[in-house]
Amino acid sequence: LSVEIIPRGESFYNPFLASVVDDCKTAGLLQPSNGAACLFLPGFVNRDGDPLPLMIQKSDGGYNYATTDLAAIKHRVQDEHADWIIYVTDAGQSQHFEMVFQAAKAIGYLPESVKVSHVPFGLVLRPDGKKFKTREGDTEKLIDLLTTAIDKAKVALESRNPALSGALLDNTAQSLGINAVKYADLSCHRVSNYVFNYDKMLQFEGNTAAFLSYAIVRIRSIYRKVGVDWSALVEKNTIQLDAPAECSLALLLCQFEDVIDQTVRELMPHVLTDYLFRLAEKFHRFFHDCRVEGSEYQNSRLLLCGLVERVLCLGFSLLGLKTLEKM
């Protein structure tokens with residue numbers, strides 16, 4: 001998946017849990033509740049309207065998730081000097097993290113200079129609308145999803161381009177299959193449920209990784225066919241906008257920075273995917289309406305194509321997707 005992580009399980013924070021209890025005592029926040037040590041934070045009540053406890057230490061002396069989460073915040077702020085901590089879990093954890101964040105501020109772990117965000121996400125559903133699981137009822141393994149996606153991508157590529165074969169076909173299928181799964185997940189509104197459908201996510205039309213990839217492949221094919229270098233074009237030419245399709249494409253390119261800002265500010269990847277989809281759509285419309293190779297505006301339009309390719313590739317990089325040369 002091209003994701004780099006520091007392996008750090010829950011047990012990493014075990015040595016720090018006792019100090020969390022001590023810090024809560026020092027701050028005067030601990031209260032007993034049925035033998036357990038808890039925090040009672042303002043604004044949190046149960047269904048009956050009674051104060052809702054955040055348990056820090058069980059009656060038997062053990063610890064739980066809240067203790068570990070508080071220890072993790074303390075470590076991330078004091079030892080790793082984090083300035084923004086982002087928690088990505090299912091939406092059912094929302095109240096838990098609201099309480100943990102408030103507790104961390106009350107204890108003194110979270111100064112105003114450090115931002116914390118809970119990023120909840122919806123469920124992945126089967127085509128029948130039920131939670132995505134295997135036929136046996138077990139949770140589907142990610143490796144199995146990816147392997148199936150790669151196999152289906154290979155079949156789609158063989159049907160679309162019989163000239164692809166051997167290692168090129170295998171490598172392209174792997175990139176396309178994994179891209180399809182990633183993009184299908186990221187292109188949905190983060191808090192909404194979505195239906196996992198291989199056929200839909202591997203389509204070469206619509207808001208899919210394959211459709212965006214084809215725009216990149218097409219632009220690279222144009223450059224190979226014309227036989228010019230980007231740096232040489234930039235040095236000797238400028239972009240001239242005349243046709244409506246050119247103007248519309250250029251205007252959308254100018255919005256890229258704002259889209260990135262919004263994506264990061266709201267932590268909503270679908271804002272970026274929606275933009276990239278619209279950009280690919282406008283490029284294909286431009287390519288249909290405006291001749292590039294051999295036209296009197298060839299160099300200008302090549303520059304415009306090159307900018308589209310660069311923005312699409314940067315978008316792919318930000319989303320953790322791989323670009324393709326042929327498909």
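Contact here means that heavy atoms lie within 4.5 Å of each other. Keep that in mind as you look through these close-ups of a predicted model.

**View 1. His75 and its neighbours in helix α2.** His75 is found in helix α2, which covers residues 65-78. Setting aside neighbours within four places in sequence, His75 is in contact with Arg8, Phe12, Tyr13, Phe16 and Glu80. Is His75 buried or exposed? His75 has a relative accessibility of 11%, and buried means under 20%, so His75 counts as buried. Look also for Tyr109: 34 residues separate His75 from Tyr109 along the chain, while their C-alpha atoms are 8.9 Å apart.

**View 2. Helix α2 and what surrounds it.** Now follow the whole of α2, a helix of 14 residues. From first C-alpha to last, α2 reaches 20 Å, close to the 20 Å expected at 1.5 Å a residue. How many of the residues of α2 are buried? The count is 11 of 14, and α2 is described as mostly covered. Among the buried residues are Ala66, Asp69, Leu70, Ile73, Lys74 and Val77. The buried residues of α2 pack against α1 (17-26), β3 (51-57), β4 and α3.

**View 3. Aromatic rings around Phe12.** Two of the contacts of His75, Phe12 and Phe16, also form an aromatic pair with each other. Their ring centres are 6.0 Å apart and their planes meet at 75°, an edge-to-face arrangement. Phe12 is partly exposed at 31% relative accessible area, and Phe16 is partly exposed too, at 29%. Together with Tyr13, Phe12 and Phe16 make up one aromatic cluster. Find Arg8 as well: Arg8 lies over the face of Phe12, 4.5 Å from the ring centre.

**View 4. A tilted pair, Tyr87 and Phe97.** Why is this pair called tilted? The ring planes of Tyr87 and Phe97 are at 45°, and a pair is stacked under 30 degrees and edge-to-face over 60, so this one counts as tilted. The centres of these two rings are 4.9 Å apart. Tyr87 belongs to strand β4 (residues 84-90) and Phe97 to helix α3 (residues 94-107), so the pair links distant parts of the chain, 10 residues apart. Both partners are buried: Tyr87 has a relative accessibility of 9%, and Phe97 has 6%.

**View 5. A charge above a ring.** Here the partners are Lys115 and Trp84. The charged end of Lys115 sits over the ring of Trp84, at 4.1 Å from the ring centre.

**View 6. The two faces of helix α4.** Helix α4 runs over residues 142-160 and has 19 residues. From its first C-alpha to its last, α4 reaches 27 Å, close to the 27 Å expected at 1.5 Å a residue. Which residues of α4 are buried? They are Leu145, Leu146, Ala149, Ala153 and Leu157. Seen down the axis of α4, these buried residues fall within an arc of 95°, so they line one face of the helix. A little background helps here: an α-helix has 3.6 residues a turn, so residues three or four places apart point the same way. The face of α4 turned away from the buried side carries the exposed residues Ile143, Val155 and Ser159. On the buried side, α4 packs against α5 (166-186) and α6 (198-201).

**View 7. Thr208 in a loop.** Thr208 sits in the loop between α6 and α7. With a relative accessibility of 6%, Thr208 counts as buried. Beyond its neighbours within four places in sequence, Thr208 is in contact with Tyr183, Lys200, Met201 and Gln203.

**View 8. The largest nonpolar core.** This core has 42 residues, and Leu212, Tyr275, Leu279, Phe283, Phe286 and Val308 touch the most other members. Several helices supply at least two residues each, including α7 (209-226), α11 (269-289) and α12 (298-319). Which helix gives the largest share? That is α12, with 10 residues. Leaving out neighbours within four places in sequence, Leu212 is in contact with Tyr183, Leu276, Phe277, Ala280, Leu312 and Phe316. A second, separate core of 30 residues includes Leu52, Ala72, Tyr87 and Ala103.

Conventions. Residues numbered from 1 in each chain as written. Predicted model: local features only at pLDDT ≥ 70, side-chain atom pairs only at ≥ 80, totals over all residues. Heavy atoms only, no water. Core = buried A, V, L, I, M, F, W, Y, C linked by side-chain atoms within 4.5 Å. Buried < 20%, exposed > 50% of the residue type's maximum accessible area, 1.4 Å probe, protein only. Helix = DSSP H or I, 4+ residues; strand = E, 2+ residues; numbered from the N terminus. Phe/Tyr/Trp six-rings, centres within 6.5 Å; stacked < 30°, edge-to-face > 60°. Lys NZ or Arg CZ within 6 Å of the ring centre and 35° of its normal. Expected span 1.5 Å × (residues − 1). Arc of directions from axis to C-beta.
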